[in-house]
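Work through the following exercises with the structure open beside you, and try each task before you read its solution.

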Amino acid sequence: MLEDIIGWIVLGVIVLVVIVLVIWAVGIYNRFVSLRNSSEATLGQIRVAMKKRLDMIEQLLGAVKSYAKFEQDTFTKVTAMRAAVATAGPGDLNKVEAESRSIFGRLLAVAENYPDLKTSGTVTSLMDSVKGLEDEIARQRYTYNNISQEYNTMIDTIPSNFVGKIMGLIKLQYLQFEEAIENAPKIEF
């Protein structure tokens, strides 16, 4: 009789430990999912801001075109980048970021060479809007990288790394823009 009671107690403790371990693993997995969803939402915000920036650059190109002969392939590149932003992953966004900053820099150089263009209200307004978007992209990039860091730390540290390995989770890629383009382009005249 005493052996039966001890057997039931041992079985109850084992069942309780298994239940606690399952609840713990589910909690960790849910944190991984929450962080991954946050990173995807932040990437979506970056895509939206980058598309807005490219739209404004395209509008600036239209305004500048009336003052200067600008390369036709620039229009083609901006259109292609706008299409690419919608489905771009972190690595692709790094490439689009570099290309759009390069185009924006060339556009600023053209604007600098035409004094009448500098005083255009449309151009000034669009430049200010692009500056605001640069700040927004920087904030979203910072947020995304913080979320990625937390997610990747969980994958690397005990005990959450066990759950990550069991679930086949992989690290998130950081948004790493070149050092030279980390600061928003200067758009003041």
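**Exercise 1.** Which residues does Ala49 touch, not counting residues up to four places away in sequence?

*Solution.* The model shown here is a predicted one. Begin by locating Ala49, which is found in helix H1, a helix that covers residues 2-65. Next, list the contacts: leaving out residues up to four places away in sequence, Ala49 touches Leu133, Glu136 and Ile137. Then take one of these partners, Leu133, and look at the backbone: the C-alpha atoms of Ala49 and Leu133 are separated by 6.1 Å, although the two residues are 84 residues apart along the chain. Finally, consider the accessibility: Ala49 has a relative accessible area of 0%, and since buried means under 20%, Ala49 is buried.

**Exercise 2.** Determine whether Gln59 counts as buried, partly exposed or exposed, and find how far its C-alpha atom lies from that of Leu126.

*Solution.* Gln59, like the residue of the previous exercise, has its place in helix H1. Its relative accessibility is 45%, and because the partly exposed class lies between the limits of 20% and 50%, Gln59 counts as partly exposed. For the second part, the C-alpha atoms of Gln59 and Leu126 are separated by 7.8 Å, while the two residues are 67 residues apart along the chain.

**Exercise 3.** Describe the surroundings of Asn145, taking its helix, its accessibility and its contacts in turn.

*Solution.* The first step is the helix: Asn145 lies in H5, which comprises residues 121-156. The second step is the accessibility, and with a relative accessible area of 18%, which is under the 20% limit, Asn145 is buried. The third step is to find the partners, and, with residues up to four places away in sequence set aside, Asn145 touches Tyr174 and Leu175. One of these partners can be examined further, for the side chain of Asn145 reaches the backbone nitrogen of Leu175 at 2.8 Å.

**Exercise 4.** How many aromatic pairs does a search of the whole structure find, and which parts of the chain are tied together?

*Solution.* The search finds 1 aromatic pair. This pair is formed by Phe32 and Tyr151, with 5.3 Å centre to centre and 75° between the planes; because an angle over 60 degrees counts as edge-to-face, the pair is edge-to-face. Since Phe32 lies in helix H1 and Tyr151 in helix H5, the pair ties together parts that are 119 residues apart in sequence. Both Phe32 and Tyr151 are buried.

**Exercise 5.** Follow the chain from Ile158 to Gly168, and explain why the buried residues of helix H6 are on the same side.

*Solution.* Start with the peptide bond from Ile158 to Pro159, which is cis, with omega near 5°; Pro159 lies in the loop between H5 and H6. Helix H6 then spans residues 160-167, and its buried residues are Ser160, Asn161, Val163 and Gly164. They cover an arc of only 160° around the axis, and therefore they are on the same side of H6. The face turned away from this buried side carries the exposed residues Lys165 and Ile166. After H6 comes Gly168, whose phi is positive, near 70°.

**Exercise 6.** How many helices and strands are there in the protein chain, and what percentage of its residues count as buried?

*Solution.* There are 6 helices and 0 strands. Of the 189 residues of the protein chain, 38% count as buried. As a last step, take the contacts between residues at least 6 apart in sequence: 82% of them join residues at least 24 apart.

Notes:
Residues numbered from 1 in each chain as written. Predicted model: local features only at pLDDT ≥ 70, side-chain atom pairs only at ≥ 80, totals over all residues. Heavy atoms only, no water. Helix = DSSP H or I, 4+ residues; strand = E, 2+ residues; numbered from the N terminus. Buried < 20%, exposed > 50% of the residue type's maximum accessible area, 1.4 Å probe, protein only. Polar contact = N/O pair within 3.5 Å; in protein donor to acceptor, adjacent residues only side chain to side chain. Contact = heavy atoms within 4.5 Å. Arc of directions from axis to C-beta. Phe/Tyr/Trp six-rings, centres within 6.5 Å; stacked < 30°, edge-to-face > 60°.
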